[in-house]
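Welcome! Please take a moment to look over the sequence and the 3D view before reading on.

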Amino acid sequence: MNVNENMRKVLDKIKEYDKIYIFRHFRPDGDAVGSTKGLQRILQLSFPKKEIYLQNEDFSDYLAFLGGEDELQSPENYRDALGIVMDTGTSQRVSCQNFVHCKEIVKFDHHIPIESYGTIEWVEEERSSTCEMVAAFYDAFKDELKIDVEAATYIYTGMVTDSGRFRFRSVSGNTMRLAGLILDQGVDVDVLYANLYLKNFEEFKFESYVYEKMQITENGVAHIFVNQEMKDKFHLSNEAASACVGYMDSIKNVIAWIAFIDSGDGSIRVRLRSRFVTISELAERYNGGGHACAAGATVYSEEEMRKLIAEADELVKEFKANNEGWM
Ligand code: AMP
């Protein structure tokens, strides 16, 4: 497997420091948690004398089965340390903003690079997940690095979740080869899938309610607004409510789908998904960003929400008018 210049720089930087802090984005998903825990474990096994900590201020109930993270340390401790920020396109999305106090910062990411914030940046936006990059990193330096089933389970979690179980276009032959390498460490996929994909019966009731309430625009944009009342009705946390974007992902003719979740603080979280048509630029116009077909944004009123839906509808209309062969 290839060693590129940036991964070499990342390894050299890691070797330079005795103390390393690893950060990720807030509202963590499988890739954010998997990549940080996976890299931490690989580095702990490979460099047992180094101190390596995960530093984050918010956590995911959904991913709690992967285990905890480290206690937050005083930013004073960061001053002689290397910070590695993973799976995070913009500095404002880092869960622990004290990361800026690290002596040097490595950006290790697969999002569209809309902001540069690291001393060293290894960004490959065509990778299906940051975990795939961790797997590539291990593969490139496997003579020097160690892995075990625990690290592999974290890494496989991000590879599976960020690629929609290896369904998205971002999945390449390399993704599959690296997934094979990781799987060969002994990952129990039955246990992992049970933790990731089994749902409580209550969640199915919410799902059926979403199908009842969601709407589809003239040109094929599915959308749902999960307001406070709906969250109360189904006893949903913000994290559980936001899962509903996935319910709309297999409707014929719908090539973009959007979930709006009332955050309860005056803002509305927007989760945008698509196939074929790029929606990340739309997200960028609404305080967001992400990937071509999976992005996030924030709006502050129902009026803004309607405007975003209208723009999404226009995007889809234009795509359908100018493209053939997608369905
Ligand atoms: P989400 O719907 O929150 O899962 O986000 C989809 C993708 O877009 C993820 O890769 C996020 O990291 C990214 N993303 C979400 N919100 C933002 C934002 N406000 N700015 C930049 N990237 C984002």
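This report looks at a sheet, a ligand site and a pocket, in that order.

## The sheet

Keep in mind from the start that this is a predicted model. A good place to begin is an open sheet of six strands, whose pairing is mixed. Reading across the sheet, the strands come in the order 6-7-8-9-11-10. Which strands sit at the edges? They are strand 6 (215–216) and strand 10, and each of these pairs on one side only.

At one edge, strand 6 runs antiparallel to strand 7, with two bridges between them. Here Ile216 has Ala222 in strand 7 as its bridge partner. As general background, the strands of a sheet pair through backbone hydrogen bonds, in either a parallel or an antiparallel way.

## The other end of the sheet

Now move along to strands 9, 11 and 10. Strand 9 and strand 11 are antiparallel and are joined by six bridges. Within this part of the model, Arg273 stands opposite Ala294 of strand 11.

Strand 10 is also antiparallel to strand 11, this time with two bridges. Gly289 faces Gly296 of strand 11 as its opposite residue. To get from strand 10 to strand 11, the chain passes through a hairpin of three residues.

## Around the ligand

Which residues come nearest to the ligand? There are 13 residues around it, and those that come nearest are Arg93, His111, Arg269, Arg271 and Arg273. Arg273 is a residue you have already met, opposite Ala294 in strand 11. Sorted by class, the shell around the ligand holds two nonpolar, seven polar and four charged residues.

Some contacts can be picked out atom by atom. His111 places a polar side-chain atom 2.6 Å from an oxygen atom of the ligand. Two glycines take part through their backbones: a backbone N or O atom of Gly289 is 3.3 Å from a nitrogen atom of the ligand, and one of Gly290 is 3.4 Å from a nitrogen atom of the ligand. On its own the ligand has 480 Å² of accessible area, and the protein covers 89% of this. Strand 9 (268–274), strand 10 (289–290) and strand 11 (294–299) are the elements that give two or more residues to the shell.

## The second largest pocket

The last stop is the second largest pocket, which holds about 230 Å³ of space. As a general idea, rolling a probe the size of a water molecule over the atoms shows where empty space is left.

What lines the second largest pocket? The lining is made up of Lys213, Gln215, His223, Ile224, Phe225, Met230, Phe260, Glu302, Met305, Arg306 and Ile309. By class, this lining has six nonpolar, two polar and three charged residues. Strand 7 (221–226) and helix 11 (302–322) each supply at least two residues of the lining. Helix 11 gives the largest share, with four residues. Strand 7 also links this pocket back to the sheet, where strand 7 pairs with strand 6.

Definitions and conventions:
Residues are numbered from 1 along each chain as its sequence is written. This is a predicted model: local features need pLDDT of at least 70, side-chain atom pairs count only at pLDDT 80 or more; totals for chains, interfaces and linings use all residues. Side-chain values use heavy atoms; hydrogens and water are left out. On a 1 Å grid over the protein atoms alone, a cavity is a set of points where a 1.4 Å probe fits but cannot get out, and a pocket is an open set with protein on both sides within 12 Å along at least five of seven lines; lining residues have an atom within 4 Å of a point. Grid points are joined across faces, edges and corners, and a volume is the space filled by probe spheres set on the points. Ala, Val, Leu, Ile, Met, Phe, Trp, Tyr, Cys and Pro count as nonpolar, Asp, Glu, Lys and Arg as charged, and the others, Gly among them, as polar. A residue is near a molecule or strand if one of its heavy atoms lies within 4 Å of it. A polar contact is a pair of N or O atoms within 3.5 Å; within protein, one must be able to donate a hydrogen and the other to accept it, and residues adjacent in sequence count only if both atoms are side-chain atoms. Accessible areas come from the Shrake-Rupley method with a 1.4 Å probe; for residues, only the protein chains shown count as cover. Two strands pair if DSSP finds at least two bridges between them.
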